[in-house]
Amino acid sequence: MDRLRIKGGRPLVGSVKVSGAKNAALPMLAATLLADGEHELGNVPDLADIRTMLRLLGRIGAYGERGQGRARRRVLVEVSTDINPVADYDLVKTMRASVLVLGPLLARHGKARVSLPGGCAIGARPIDLHLRGLAALGADIRLAHGYVEATARRLRGGRFTFDTVTVTGTENVLMAAVLARGTSVLENCAREPEVTELARTLVAMGAGIEGIGSDTLTVKGVGKDELAPMKHSIGPDRIEAGTLAVAAAITGGDVELTECAPHLLDSLVDKLRETGARVTTTNGSMKIRGPVRPTPVDIRTSPYPGFPTDMQAQLMALCSIADGSSVIREKVFENRFMHVSELGRMGADVRVDGHTAHVKGVPSLSGAPVMATDLRASASLVLAGLRAEGSTYVQRIYHLDRGYERLERKLRSLGADIRRLRR
Ligand code: UD1
């Protein structure tokens with residue numbers, strides 16, 4: 001298993017490009033199942049999760065291929081009517097977002113058999129709302145042998161209110177509603193930029209969706225033949241941009257992020273400014289100059305446009321060296337403080353009380369061997385390592401590879417002393 005070795009203490013300086021968004025690319029790839037023909041996606045990040053989704057589509061019978069050389073960000077997916085509407089446990093258990101094929105398969109082919117994802121490191125993460133939403137559109141849903149078996153001759157428009165804001169749940173039910181007969185009204189939808197990007201792309205394919213960007217989506221169902229294959233370039237990854245911004249801040253560096261979309265990062269930018277970082281933004285770029293020592297901040301995660309749960313661990317790393325105490329409340333997931341004990345091994349002083357972490361800033365962190373537990377927790381350990389005195393070894397970085405494209409190369413290009421050690 002690969003590890004990262006980071007020798008901390010170097011301020012990051014320079015300019016780096018942000019990659020395409022993983023969480024936008026995954027639903028987009030699932031949405032190809034809605035229309036026959038050749039779909040073309042640009043700016044697709046080369047990540048383990050994307051490869052998993054392409055493998056899943058391939059097993060279903062929708063063959064996706066990534067371009068070579070200069071075209072390596074382009075993915076073509078060929079979809080035909082000859083498909084096997086199944087998502088097996090071996091793939092779903094490695095990537096929960098595999099469940100995104102459920103809605104499109106059901107809507108387009110009238111049936112789907114998708115493994116239940118089961119528990120994962122950051123909490124129970126059920127899919128009950130995905131299933132209830134599809135049932136509201138007339139699907140017959142059964143659970144048997146660890147699988148969801150969904151059938152519907154043709155889905156029909158319906159009204160559904162999500163009890164909790166769910167990103168992939170909104171995406172799944174939205175994709176299904178696109179081919180339902182009649183009008184669907186989906187309420188308390190997630191408004192994450194990735195949901196908006198998906199909805200706009202579906203409209204470009206021929207779907208009838210109103211209320212895009214709001215929490216109520218009204219979908220006028222269309223027939224199968226009315227949808228054309230998609231041609232879309234994936235927007236920038238706001239969480240990768242945020243992680244790189246914190247890397248600049250935590251090292252007291254001076255970094256420019258290009259091809260990012262700062263307007264999608266308002267809540268993070270506000271917090272970074274509160275810590276004393278100087279942040280300037282243009283339409284497509286952002287400059288971050290870190291403080292010598294951050295001022296403490298209080299954070300409460302919530303659905304977009306609130307502070308993203310996917311940035312909570314990284315901000316905790318920053319707060320761990322602040323000049324005072326910060327309070328971090330995790331309101332989206334029930335068990336998302338696994339990075340705390342590892343940060344503690346590097347000298348951070350964090351006390352967890354239920355969903356709240358009290359972070360007492362320390363003047364310095366010390367490098368240590370640490371273990372990544374999930375994607376964003378891994379990122380927080382890398383960030384802490386960039387600031388720490390001495391060497392940090394981050395183990396189990398397959399988590400990091402699921403969601404960050406060549407993170408160590410990007411950080412190295414900014415002057416970090418970071419190396420991947422292969423075993
Ligand atoms: C997506 C993102 C993930 C991010 C999360 C929250 C993708 C591929 N992943 O995950 O990076 O951390 O949004 O912004 O886009 N819930 C239920 N029942 C359901 C569905 C969800 O109770 O049927 C709960 C979850 O347990 C959680 C909350 O809703 O507490 C939000 O989860 P959700 O938005 O669904 O997360 P994902 O879509 O899996």
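Biologist: What lies 2.7 Å from a polar side-chain atom of Thr166, and why is this called a polar contact?

Modeller: An oxygen atom of the ligand lies 2.7 Å from that Thr166 atom. A polar contact is a pair of N or O atoms within 3.5 Å, so this pair qualifies. The model is predicted, with local features needing pLDDT of at least 70 and side-chain atom pairs pLDDT 80 or more, while totals for chains, interfaces and linings use all residues. Residues are numbered from 1 along each chain as its sequence is written, and side-chain values use heavy atoms, without hydrogens and water.

Biologist: Which distances do Arg96 and Asp310 show?

Modeller: A polar side-chain atom of Arg96 lies 2.9 Å from a ligand oxygen. For Asp310, the distance to an oxygen atom of the ligand is 2.6 Å. The protein buries 87% of the 740 Å² that the ligand exposes when taken alone. These areas come from the Shrake-Rupley method with a 1.4 Å probe.

Biologist: What makes a residue part of the shell around the ligand, and which come nearest?

Modeller: One of its heavy atoms must lie within 4 Å of the ligand. There are 19 residues around the ligand, and Leu129, Thr166, Thr168, Asp310 and Val332 come nearest. By type, the shell holds eight nonpolar, six polar and five charged residues.

Biologist: Which helix gives the most to this shell?

Modeller: α5 does, with three residues. Both α5 (128-136) and α6 (167-178) give two or more. A helix here is a DSSP run of H or I with at least four residues, and a strand is a run of E with at least two.

Biologist: How do you know which domains the shell draws on?

Modeller: At least three of its residues come from each of domain 1 (3-19 + 236-421) and domain 2 (22-233). Those bounds come from an automatic or database domain assignment. The domain centres, over C-alpha atoms, are 30 Å apart. In the contact, domain 1 supplies 23 residues and domain 2 supplies 21. Contact means heavy atoms within 4.5 Å.

Biologist: Why are β8 and β9 called paired?

Modeller: Pairing needs at least two DSSP bridges, and five join β8 (residues 140-144) to β9, so they pair. These strands run antiparallel. They form a hairpin with two residues between them. In the turn, His145 has a positive phi of about 55 degrees.

Biologist: What joins β7 to β9?

Modeller: Five bridges join β7 (residues 111-115) to β9 (residues 147-151), again antiparallel. Ala150 in β9 stands opposite Ala112. Ala150 is also the bridge partner of Ile141.

Technical notes
A polar contact is a pair of N or O atoms within 3.5 Å; within protein, one must be able to donate a hydrogen and the other to accept it, and residues adjacent in sequence count only if both atoms are side-chain atoms. Ala, Val, Leu, Ile, Met, Phe, Trp, Tyr, Cys and Pro count as nonpolar, Asp, Glu, Lys and Arg as charged, and the others, Gly among them, as polar.
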